[in-house]
Amino acid sequence: MDQPVSLFKSKIAEHYHIIAYDIIPVEPGWAALAYKLYADGGKVYFLKVYDKKRNSIAYILKTVPVYLFFIDWLNMHTALKGSISEVVKTKRGEMLAEEEDYIYIIMEYIKGDTVGEKSLSDSQVRELADIVSQLHGITVPVCPNTDYITEKFSLPWLEQLKIWLSRDFKTLKPEIRDLIKPYLVSLCNQANALEIQSKQLSEQKLPLALCHTDIHNWNIIADENKIHLIDWEGIKYAPLEADIFGLYNEPYFHEFMKQYKKHHPSYEINRELLKYYMISRNLTDIWEGIEQLQFDELSSREFQKQLEALAAVCEENKENSRMFI
């Protein structure tokens, strides 16, 4: 559906010291709309807009102020400044502007290209390993937000997913049912096993570190000089595998770990945690995909695109699950 870009321009002028003369949509993430914002003086910014009317992102909106706090803190107090996203503050010195229907976040624009389907060079792999190892070595600030982002192995969405895969499967739209049906038995088994594993892990005393939790090529921007890690919505105080799992299937993983262990020589992968994060991420994405297709108001084009994304996650999950058989 078309978004009110003219409204966004006026709200930006109201809340920021920025006059936007053009706002161009770019490929959005799952949770937020994304734009390249051109301002007076030739300045370019990155604009994220969360639509609060979308049922499927309600739980994410609660975490937005938390991840923005930590991005700001990392930029002010660590050597990661220049390698990660940087928030532009509002006229009131806040990190977001909130309206009845939308939340606006403006970030400094990072010049370069998303790595995406391209390959990282050997030097870029080593640079990524240095960024991640620095992040994992940071002492987390003591503040109310720390507990909020601490890994508790809680999966509040899992019960609803289990219901959709069983009792309420027939209530899903036909397109969703047809897509999910070939994977149904496997998904039900994984959901039940994940529920047991999450309870077991919650009872263990595991070492934790500050983690990005969503490291992959689509969240890496490369320019001529360096790489930048973006999209910090999932920042969490968690076991290191919360970051390692996203890189495990990459062709450069061995080179990454070789450089990473220069900083953390005693680290060894916990395969139970690796399994937990791989399967829980896949099932989270499947739950989010079903919820968005079932409840959000999507154009036919958007619906088809999300359906294809859900199919891709189901296939990825099928491959990942084979690793642990």
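Biologist: Which residues have the most contacts inside the largest nonpolar core?

Modeller: Bear in mind that this is a predicted model. Its largest nonpolar core has 51 residues. The ones with the most contacts inside that core are Y50, Y67, L74, L128 and F256.

Biologist: And which element gives the most to this core?

Modeller: Several elements each supply at least two residues of the core, including α2 (58-61), β6 (102-108), α4 (122-136) and α10 (253-263). Strands β8 (209-211), β9 (220-222) and β10 (227-229) are also among them. The element that gives the most, with eight residues, is α3.

Biologist: Let's pick on F256. Is F256 buried or exposed?

Modeller: F256 sits in helix α10. Its relative accessible area is 0%, and the cut-off for buried is under 20%. So F256 is buried.

Biologist: What is F256 in contact with, once its neighbours within four places in sequence are left aside?

Modeller: One partner is V125, which is 131 residues away from F256 along the chain, though their C-alpha atoms are separated by 5.7 Å. The full set of contacts is V125, L128, A129, V132, I244 and L247.

Biologist: R126 is found in helix α4 too, right? Scrap that, here's a proper one: which residues does R126 touch, not counting those up to four places away in sequence?

Modeller: R126 is indeed found in helix α4. With a relative accessible area of 32%, R126 is partly exposed. Its partners, leaving out residues up to four places away in sequence, are E255 and Q259.

Biologist: How far apart in space are R126 and V49?

Modeller: Along the sequence, R126 and V49 are 77 residues apart. In space, going C-alpha to C-alpha, the figure is 33 Å.

Biologist: Now for the other core. How many residues does it have?

Modeller: This one lies apart from the largest nonpolar core. Its members include L155, L283, I286 and L293. The count is 40 residues.

Biologist: How are α11 and α12 oriented to each other?

Modeller: Helix α11 (residues 271-295) packs with helix α12 (residues 300-322) at an angle of about 160°, with their axes 9 Å apart. α11 passes α12 in a left-handed crossing. Angles over 145 degrees count as roughly antiparallel, so that is what the pair is: roughly antiparallel.

Biologist: How do the residues of the contact of α11 with α12 divide by class?

Modeller: On the α11 side, the residues include M278, I279, L283, I286 and L293. They meet α12 residues, among them F303, L307, L310 and V313. By class, the contact divides into eleven nonpolar, seven polar and two charged.

Biologist: What about α8, then: how does α8 lie relative to α11?

Modeller: Helix α8 (residues 184-202) and α11 pack at an angle of about 130°, with axes 10 Å apart. The crossing is left-handed. An angle of about 130° falls outside the parallel, antiparallel and perpendicular ranges, so α8 is oblique to α11.

Biologist: How many nonpolar, polar and charged residues has the contact of α8 with α11?

Modeller: From α8 come L187, Q190, A191, L194, Q197, S198 and L201. From α11 come E272, L273, Y276, I279, S280, L283 and I286. The tally is nine nonpolar, four polar and one charged.

Biologist: L274 is in α11 as well. Which residues is L274 in contact with, leaving aside neighbours within four places in sequence?

Modeller: L274 is buried, with a relative accessible area of 0%. F245 is 29 residues away along the chain, with the C-alpha atoms of the two separated by 5.7 Å. The contacts of L274 are E241, F245, Y248, I269 and F324.

Biologist: Anything odd in the backbone? What is the phi of F153?

Modeller: Most residues other than glycine have a negative phi. F153 lies in the loop between α5 (144-148) and α6 (158-164), and at 6% relative accessibility it counts as buried. Although F153 is not a glycine, its phi is positive, at about 55°.

Biologist: And D231, which also has a positive phi: where is D231 found?

Modeller: D231 has a phi of about 60° although it is not a glycine. At 25% relative accessibility, D231 counts as partly exposed. Its place is the loop between β10 and β11 (236-238).

Terms used:
Residues numbered from 1 in each chain as written. Predicted model: local features only at pLDDT ≥ 70, side-chain atom pairs only at ≥ 80, totals over all residues. Heavy atoms only, no water. Helix = DSSP H or I, 4+ residues; strand = E, 2+ residues; numbered from the N terminus. Buried < 20%, exposed > 50% of the residue type's maximum accessible area, 1.4 Å probe, protein only. Contact = heavy atoms within 4.5 Å. Core = buried A, V, L, I, M, F, W, Y, C linked by side-chain atoms within 4.5 Å. Axes fitted to C-alpha atoms, helices over the stretch in contact; angles between N-to-C directions. Parallel < 35°, antiparallel > 145°, perpendicular 65-115°, else oblique. Left-handed = near helix turned anticlockwise from the far one by under 90°. Nonpolar A, V, L, I, M, F, W, Y, C, P; charged D, E, K, R; others polar.
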